[in-house]
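Visitor: Please pick one part of this model and walk me through it up close. I'd like to hear about the largest pocket and what lines it.

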Amino acid sequence: MPDGLIATQAGFATATVISASTVNDRTAQELAAHAGDRLVIVAFDADDAGRTASERLTVTLRTLGTPCKVLRLPSGHDLTSSYHQPPAAATPPAIKRGIAR
């Protein structure tokens, strides 16, 4: 099941899927414009590329004034694989616990 569907199944009203390799200033600006003042939860894969993309995106979003937090997933996983791992890291309570403050 794609990560975007897992996010909506976990209770998020809106999910946008962005590849870690495509994160740039324009992507962040478009996301910020769409989000408005709503909190953006960034949930890239828990690998080097995902962590780098998370850092770049959150720095840019915060610079643009968009509130955001990062969802910390188990190392080597994405939302979908976390959802299928016992205990599921992508269930609503686990997602709330995994969001960096």
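Guide: A bit of vocabulary to start with: a helix crossing is right-handed if the near helix is turned clockwise from the far one by less than a right angle, and left-handed if anticlockwise. Keep in mind that this is a predicted model. Now to the largest pocket, which holds about 700 Å³ of space. Its lining takes in 28 residues, with T14, A15, T16, I41 and A43 nearest the centre. Sorted by class, those lining residues come out as 18 nonpolar, six polar and four charged. At least two lining residues each come from α1 (3-9), α2 (25-35), β1 (40-42) and α3 (48-63). Two of those contributors, α2 and α3, also meet: their axes come within 9 Å and cross at roughly 55°. That angle falls outside the parallel, antiparallel and perpendicular ranges, so α2 and α3 count as oblique to each other. As for handedness, α2 passes α3 in a right-handed crossing. How far to trust all this? Mean confidence peaks in α3, at 95, and is lowest in helix α5 (residues 92-98), at 62. Across the protein, pLDDT averages 84, and 83% of the residues score at least 70.

How values were computed:
Residues are numbered from 1 along each chain as its sequence is written. This is a predicted model: local features need pLDDT of at least 70, side-chain atom pairs count only at pLDDT 80 or more; totals for chains, interfaces and linings use all residues. Side-chain values use heavy atoms; hydrogens and water are left out. On a 1 Å grid over the protein atoms alone, a cavity is a set of points where a 1.4 Å probe fits but cannot get out, and a pocket is an open set with protein on both sides within 12 Å along at least five of seven lines; lining residues have an atom within 4 Å of a point. Grid points are joined across faces, edges and corners, and a volume is the space filled by probe spheres set on the points. Helices (H or I, at least four residues) and strands (E, at least two) are DSSP runs, numbered from the N terminus. Ala, Val, Leu, Ile, Met, Phe, Trp, Tyr, Cys and Pro count as nonpolar, Asp, Glu, Lys and Arg as charged, and the others, Gly among them, as polar. pLDDT is the predictor's confidence in each residue, from 0 to 100. Axes are lines fitted to C-alpha atoms, for helices over the stretch in contact, and angles run from 0 to 180 degrees between N-to-C directions. Angles under 35 degrees count as roughly parallel, over 145 as roughly antiparallel, 65 to 115 as roughly perpendicular and the rest as oblique.
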